[in-house]
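Here is a short walk through the model, meant to be read with the structure open beside you. Take it one contact at a time and follow along on your own screen.

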Amino acid sequence: MNLRRSASSQSHRSITAFVVATVLTIAPVVVRADNGSLAEALFRDGRTAMRDGDYATACPRLAESQRLDPSAGTLLNLALCEEQLGHVATAWAHFRGVIDQVPESDERAPIARDHAASLLPRLPSLRIRVEGRPLDRATILLDGVELHAASMSGVLPVDPGAHVLVGRSVGAPEQRVAFTMAEAEKRDETIVFPAAVPIAPDAPSAAHARASTTAGHGPRARRIAEYTLFGVGAAGVVASVVLAGFARGKQGDVDAHCHGNACDPVGVAAAHDGATYERWATIGFVGGVVAIGAGTWFALSAPSAPTAPTSGRAAAPMMLRVGGSF
């Protein structure tokens, strides 16, 4: 009976494992199928909106279709849609993506190549310069997208229209600059970060505040620590002397009640108590010496009092400058 129950249990476990493995294998396929169906529906809706001239509706649907199920055909339609909206830099990048994906023999290749060539002279170009701080200590965002050092080493193609450039750096307020680009415009933007944390006039610096705090409370705390350590050390030494005296007293009882290796009950108790006193006397002496040494170190290593600043006002903060040139 037990053998049949065990075999049945093993069979159930095998079936369960098979079902779980099958579900885990099929699940990604089902998800991909759902993404493909949704991407196809969005693509058809986008194409219909393009035929109706509603490019503002068509472009987001084509973009989402491309995200769910990337393909060169969807990317080409998205590029044509963005071109109609005047997003020449975005459209140019999409056309270049199609050229990279399809072979030369593909009929879509010359379409993408011709459109990319026609858009190239119309591209606005932006050059961003950062001064005052190394790039690894600053964060630059263009329209909410973070730019890395490599992105700012050359010219960036951007779409015509309004843009927002944001500069962030540790210890400095966020700087936000809005500007507008026209087709074929070339523009330089320079961000100069302050060399130090801005300090409001008449406000004490953080270093001065820390120095004041240290000057007001540090010496007192050190003196308390010194006195405590010296007191503990002295108490330990005194206790060790007293305990050593007790141990010597017990030694007299041991001598009186022990003969050779044989001791009566009084001698055994005296030997035990004497050993205990000696052990605690040693501990007290060592601890006392360590505490006295620590107190001496605190006394000798006390820092000198900081000098007061000679200037009564803080320097005015440096402000971020953004300049544009055409």
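The side chains of Arg 168 and Glu 174 are joined by a polar contact of 2.7 Å. Please keep in mind that this is a predicted model, and the distance is computed from its atoms. The pair also counts as a salt bridge, at 2.7 Å from N to O. Side chains of opposite charge can pair when their charged atoms come close.

Where does Arg 168 sit? You will find Arg 168 in strand 5, which covers residues 161-169. Is Arg 168 buried, partly exposed or exposed? With a relative accessible area of 38%, Arg 168 is partly exposed, since this class takes in values between 20% and 50%. Its partner Glu 174 is partly exposed as well, with a relative accessible area of 39%.

Glu 174 is one of several residues that Arg 168 touches. Setting aside neighbours within four places in sequence, Arg 168 is in contact with Arg 137, Ala 138, Thr 139, Leu 141, Glu 174 and Phe 193. Thr 139 is worth a look here: Arg 168 and Thr 139 lie 29 residues apart in sequence, yet their C-alpha atoms are 5.0 Å apart in space.

**Salt bridges**

How many salt bridges does the model hold? The count comes to 12 salt bridges. Three of them are set out here.

| Residue with N | Residue with O | N to O distance |
|---|---|---|
| Arg 67 | Glu 64 | 2.7 Å |
| Arg 168 | Glu 174 | 2.7 Å |
| Arg 187 | Glu 185 | 3.4 Å |

The bridge between Arg 67 and Glu 64 belongs to helix 2, where the two residues are 3 positions apart and so separated by about one helical turn. Arg 67 is exposed, because its relative accessible area is 57% and the exposed class starts over 50%. Glu 64 is partly exposed at 28% relative accessibility.

The bridge between Arg 187 and Glu 185 has another setting, as both Arg 187 and Glu 185 are buried. Elsewhere, Arg 127, Arg 129 and Asp 188 are joined into one network by salt bridges that share partners.

Ser 125 gives you another way to find Arg 187 and Glu 185. Ser 125 lies in strand 1 (residues 125-131). At 11% relative accessibility Ser 125 counts as buried, because buried means under 20%. Leaving out neighbours within four places in sequence, Ser 125 is in contact with Val 155, Leu 156, Met 181, Glu 185, Lys 186 and Arg 187. The buried salt-bridge partners Glu 185 and Arg 187 are therefore both among the contacts of Ser 125.

**The disulfide**

How many disulfides are there? The count comes to 1 disulfide. Cys 59 and Cys 81 are joined by it, with an S to S distance of 2.1 Å. The torsion about their S-S bond is about -115°, so the disulfide is left-handed. Cys 59 lies in helix 2 (residues 55-68) and Cys 81 in helix 3 (residues 72-84), so the pair ties together parts that are 22 residues apart in sequence.

Are these cysteines buried or exposed? Cys 59 is buried, with a relative accessible area of 3%, and Cys 81 is buried too, with a value of 0%. Helix 2 is a familiar place by now: Cys 59 lies in helix 2, and so do Arg 67 and Glu 64.

**A nonpolar patch on the surface**

Now turn to helix 7, which spans residues 265-300 and holds Val 290. Val 290 is exposed, because its relative accessibility is 57%. Together with Phe 285, Val 286 and Val 289, Val 290 forms a nonpolar patch on the surface, with about 360 Å² of accessible area in total.

**The protein as a whole**

Finally, step back to the full chain. The protein has 7 helices and 10 strands. Of its 326 residues, 27% count as buried. The accessible surface comes to about 20,400 Å², and carbon and sulfur atoms account for 61% of it. Among contacts with a separation of 6 or more, 64% are between residues 24 or more positions apart.

How values were computed: Residues numbered from 1 in each chain as written. Predicted model: local features only at pLDDT ≥ 70, side-chain atom pairs only at ≥ 80, totals over all residues. Heavy atoms only, no water. Patch = residues over 30% accessible without salt bridge, like charges linked within 9 Å, V, L, I, M, F, W, Y side chains within 5 Å. Areas by Shrake-Rupley, 256 points an atom, 1.4 Å probe, with all protein chains shown as cover. Salt bridge = Lys/Arg side-chain N within 4 Å of Asp/Glu carboxyl O. Helix = DSSP H or I, 4+ residues; strand = E, 2+ residues; numbered from the N terminus. Buried < 20%, exposed > 50% of the residue type's maximum accessible area, 1.4 Å probe, protein only. Disulfide = S-S within 2.5 Å. Contact = heavy atoms within 4.5 Å. Polar contact = N/O pair within 3.5 Å; in protein donor to acceptor, adjacent residues only side chain to side chain.
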